[in-house]
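Opened the model today and went looking at a strand, a helix and a proline. My notes follow, in the order I looked things up.

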Amino acid sequence: MRFERMNRLKGFEMPTAVKHGIGAVQYLGEEVKNLGVDKLLVVTDKGVCAAGLIDPVVDSLNKAGVSFVLYDGVVANPPLEVVAAGTKIYLGNNCNGLLAVGGGSSMDTAKAIGVEVAHGEPVLEYECADGKKPLSKRIPPLTTVPTTAGTGSEVTQWAVITDPARQFKFNTGGPLIAAHLTVIDPELHVSMPPLITAGTGMDALCHAIECYTCHYAQPITDSVALLAIEYCAKYLRRAFANGQDIEARYAMSQAAMLAGLSYGSESAGAAHAMSQTLGGIIPIAHGPCVATMLGPVMEFNWMGEPEKFARIAQAMGVNTFGMSVDEAAKEAVLAVYELVDDLCIPSLADQGVPEDMIPRLAKEAFNDPQTVGNPRDIDVKGYEWIYKRCFDLVEPSL
Ligand SMILES: [Fe+2]
């Protein structure tokens with residue numbers, strides 16, 4: 001922790017009740033009813049419906065007598081119009097609560113619909129940016145049911161929405177946007193294909209590592225981040241290799257939630273500054289994208305917080321006995337590279353990012369608010385080096 005950063009008031013709020021367990025979704029309807037909701041807008045995507053993941057949700061709601069309207073129009077990197085369409089359906093059907101079933105896109109869309117319903121204005125007015133308004137009203141009762149283990153949006157105090165006009169993914173957030181309840185059931189995760197398991201799991205690891213090492217870190221977020229790192233290192237390969245491994249699925253669902261808590265109401269660091277700005281320009285899946293960036297970002301950053309990087313190595317199972325702090329810190333970076341290799345994450349180039357975009361992407365990442373939290377001082381040149389490292393255009397520095 002740096003002294004100048006410690007001179008601000010730190011806080012931690014946990015507005016979301018967390019309920020979880022194998023088969024937990026069967027209790028969903030009763031839990032939603034306990035929030036005083038009797039007409040839900042269910043926010044999801046067509047993939048979740050086609051995979052049958054919505055079926056146990058519908059059964060549970062029906063059993064509890066909770067009526068609902070289904071909105072399955074969510075897409076990846078949800079744009080403003082997808083939010084607006086959901087808001088229209090919510091208001092048109094006199095709903096009094098929200099239920100998000102899916103990954104980060106569905107949960108963030110539901111949060112943004114909640115912002116529009118509560119404030120009576122487009123969510124764009126509540127972007128976390130100079131000249132925009134902070135949230136002033138709590139969103140209607142929102143329950144999140146994650147069907148991936150990664151984003152942590154089930155408990156985070158953020159929604160990320162795309163503004164197509166600016167090719168920009170913006171954040172809106174604070175405690176008022178958090179879900180009231182999350183029901184986490186790893187049985188909903190067993191049908192996730194390996195690439196999605198890998199990408200979303202690496203996103204969780206990235207949240208934990210970035211939040212553990214960033215300037216906003218504090219003891220309470222450190223504690224959840226470290227356990228999330230440990231779970232990812234221990235269970236992500238198993239969940240990737242054997243989707244039916246319910247123990248691994250359970251641990252990863254907890255890792256994602258714990259890593260989400262480590263966000264607190266703050267932000268992450270360079271890997272999220274890069275992946276978020278890139279995602280606004282190229283419609284790329286966030287998980288595999290951030291997975292390719294995490295190693296190079298850590299390679300750049302470890303010198304900013306060597307003790308913490310050394311502890312990451314330990315959490316990842318590296319035997320650091322006899323190593324200096326710097327040696328152990330570098331082992332954390334190597335352990336992440338090894339994990340990315342084992343999970344067969346495609347390179348950034350294979351994900352469709354052209355390397356001649358590096359100058360623009362570096363500049364956009366530098367301007368992202370999450371640059372501020374990065375553990376090592378970073379400028380546009382620093383981001384260029386990280387991007388070049390992602391494309392193997394520079395020599396490794398370790
Ligand atoms: Fe993320």
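**Strand β2 and its sheet**

I started inside the sheet, where V42 of β2 stands opposite L99 in β4. Before going on I noted that this is a predicted model, where local features need pLDDT of at least 70, side-chain atom pairs count only at pLDDT 80 or more, and totals for chains, interfaces and linings use all residues. Numbering runs from 1 along each chain as its sequence is written. Helices (H or I, at least four residues) and strands (E, at least two) are DSSP runs, numbered from the N terminus.

How many bridges link β2 to β4? I found four, with β2 and β4 (residues 97-102) paired in the parallel sense; two strands pair if DSSP finds at least two bridges between them. V43 has A100 as its bridge partner in β4, and V43 also stands opposite Y71 in β3. That second strand, β3 (residues 67-71), runs parallel to β2 and is joined to β2 by five bridges.

Next I checked burial, calling a residue buried if 20 or more other C-beta atoms lie within 10 Å of its own, exposed if 12 or fewer, and partly exposed in between, with C-beta atoms placed from the backbone. Four of the five residues of β2 (residues 39-43) are buried, so β2 is largely enclosed by the rest of the structure.

Zooming out, I read the strand order as β1-β8-β5-β4-β2-β3, an open sheet of six strands with parallel pairing. β1 (17-20) and β3 are at the edges with a single partner strand each, so one side of each has no neighbour in the sheet. On average, neighbouring strands of this sheet are turned by 20° against each other, direction ignored. Helix α5 (residues 80-92) lies across β2 and β3 and runs at about 160° to β2. For such angles, axes are lines fitted to C-alpha atoms, for helices over the stretch in contact, and angles run from 0 to 180 degrees between N-to-C directions.

**Helix α13 and its neighbours**

I moved on to α13 (residues 325-342), whose 18 residues reach 26 Å from first C-alpha to last, close to the 26 Å expected at 1.5 Å a residue. The expected span is 1.5 Å times one less than the number of residues. Its buried residues include A328, A332, V336 and L339.

What do the buried residues of α13 pack against? I listed α7 (194-213), α8 (219-241), α11 (286-301) and α12 (306-315).

I then took α12 with α13: their axes come within 7 Å and cross at roughly 55°. That makes α12 oblique to α13 (under 35 degrees counts as roughly parallel, over 145 as roughly antiparallel, 65 to 115 as roughly perpendicular, the rest as oblique). Among the contacting residues are F309 and I312 of α12 and A328 and A332 of α13; contact needs C-beta atoms, placed from the backbone, within 7 Å.

For α7 and α12, I got axes within 10 Å and a crossing at roughly 150°. That makes α7 roughly antiparallel to α12. I209, Y212 and T213 in α7 meet K308, F309 and I312 in α12.

**After α13**

Just past α13, I noted a positive phi of about 55° at C344. P346 sits in the loop between α13 and α14 (358-367). Is P346 buried or partly exposed? It is partly exposed, with 16 other C-beta atoms within 10 Å. Leaving aside neighbours within four places in sequence, P346 is in contact with P288 and Q351. I also logged that P346 and A291 are 55 residues apart in sequence and 9.2 Å apart in space, C-alpha to C-alpha.

Terms used
Two residues are in contact if their C-beta atoms, placed from the backbone, lie within 7 Å.
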